[in-house]
Amino acid sequence: MATSLVQIPSAPDLVDQVYRALLDAISSGSLAPGERLTQEDIARRLNVSRQPVLQALRLLKKDGFVHDAPGRGVWVAPLDVEWTRKVYQVRGALDMLAARLAAAQCFRIDPKLIERGRRAARGRSVEAMLDADMAFHQAIYAASGNALIGQSADHHWRHLRRAMGAVLQSATQRESLWDEHQSIADAIAAGDADGAARLSNDHGAEASANLGRRLAERLNSPALSTSTTALSGDIR
């Protein structure tokens, strides 16, 4: 008789959980630029062992979110206007390609995504604004039929989300943002590949200029305000 095996539920990867918790805290500003982090402190605050913290910090350092600090530990990387501009350049190229490929399929973006974005822009939740913006662009990446676009863009979105979050703590989204999204969606649905690519490029350039200006103003202010999100809790 064959031995029966009881299924064991798979536990979420702890390193990934720690990485996400730290990245969310850095993006929200609750871990401020320049703040020193140590394995011991993070492990205590997240109620995990030091090993997954060490691995998560290595990944964050590789991705450019933390740097080695003098002595021991790491410190949260500063926000940088020029770096943000370069990230937008790369993401803009990916957005143009995705829009062109999606237009070749005459893909119709769910109108609810744009409705959601307009509601978020009228509200006060920074997280809702960022989530809606990302959801719209991710829908285009998925519609492109090229999974590498979304995978590549995801890394750049992590950096932009951090910069956008810092700016939106003291300013609202541009009112024209979702009008631009609607125009891109219309061009894609109409199969206008050149128009969709051009509109995506213009949209990215405008967003980059506005974010760069606002971020520079914020970095020149006496102090960066931080989110009330706490880095704490048992994430196991």
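So, which residues of the largest nonpolar core touch the most other members? Keep in mind that what's on screen is a predicted model. The core has 42 residues, and the ones with the most contacts to other members are Ile 109, Phe 136, Ile 140, Met 164 and Ile 188. As for where the core comes from, helices H4 (81–104), H5 (111–122), H6 (126–143), H7 (147–168), H8 (177–189) and H9 (193–219) each put in at least two residues. H6 gives the largest share, with ten residues.

There's another core too, lying apart from that one. That second core has 20 residues, including Ala 25, Leu 37, Ala 43 and Val 76. As background, in soluble globular proteins nonpolar side chains tend to be buried together.

Okay, let's zoom in on Phe 136. What does Phe 136 touch, if we skip residues up to four places away in sequence? We get Ile 109, Leu 113, Ile 114, Trp 178, His 181, Ile 184 and Ala 185. Pick out Trp 178 from that set, please. Phe 136 and Trp 178 form an aromatic pair, and the count for this model is one such pair. The geometry is edge-to-face, with 5.9 Å centre to centre and 80° between the planes. In sequence the partners sit 42 residues apart, Phe 136 in helix H6 and Trp 178 in helix H8, so the pair links distant parts of the chain. Are these two rings buried or exposed? Phe 136 has a relative accessible area of 0% and Trp 178 comes in at 1%; the cut-off for buried is under 20%, so both residues count as buried.

Last topic, the cavities. How many cavities of 30 Å³ or more does the model have? The count comes to three. The largest cavity holds about 220 Å³ of space. It has 17 lining residues, and closest to its centre are Tyr 88, Met 164, Arg 174, Ala 207 and Leu 211. You've met Met 164 already, as one of the residues touching the most other members of the largest core.

Helix by helix, H4, H6, H7 and H9 are the elements that give two or more residues to that lining. H9 has the largest share, five residues. And what is the make-up of the lining, in terms of nonpolar, polar and charged residues? The split is eight nonpolar, five polar and four charged.

To recap: a 42-residue core with H6 as its largest contributor, an edge-to-face pair of Phe 136 and Trp 178, and a largest cavity of about 220 Å³. Over to you for questions.

Methods
Residues are numbered from 1 along each chain as its sequence is written. This is a predicted model: local features need pLDDT of at least 70, side-chain atom pairs count only at pLDDT 80 or more; totals for chains, interfaces and linings use all residues. Side-chain values use heavy atoms; hydrogens and water are left out. A nonpolar core is a set of buried Ala, Val, Leu, Ile, Met, Phe, Trp, Tyr and Cys residues joined through side-chain atoms within 4.5 Å. Buried means under 20% relative accessible area, exposed over 50%, partly exposed in between (1.4 Å probe, protein chains only). Helices (H or I, at least four residues) and strands (E, at least two) are DSSP runs, numbered from the N terminus. Contact means heavy atoms within 4.5 Å. On a 1 Å grid over the protein atoms alone, a cavity is a set of points where a 1.4 Å probe fits but cannot get out, and a pocket is an open set with protein on both sides within 12 Å along at least five of seven lines; lining residues have an atom within 4 Å of a point. Grid points are joined across faces, edges and corners, and a volume is the space filled by probe spheres set on the points. Ala, Val, Leu, Ile, Met, Phe, Trp, Tyr, Cys and Pro count as nonpolar, Asp, Glu, Lys and Arg as charged, and the others, Gly among them, as polar. Rings of Phe, Tyr and Trp (its six-membered ring) pair if their centres lie within 6.5 Å; planes under 30 degrees apart count as stacked, over 60 as edge-to-face and the rest as tilted.
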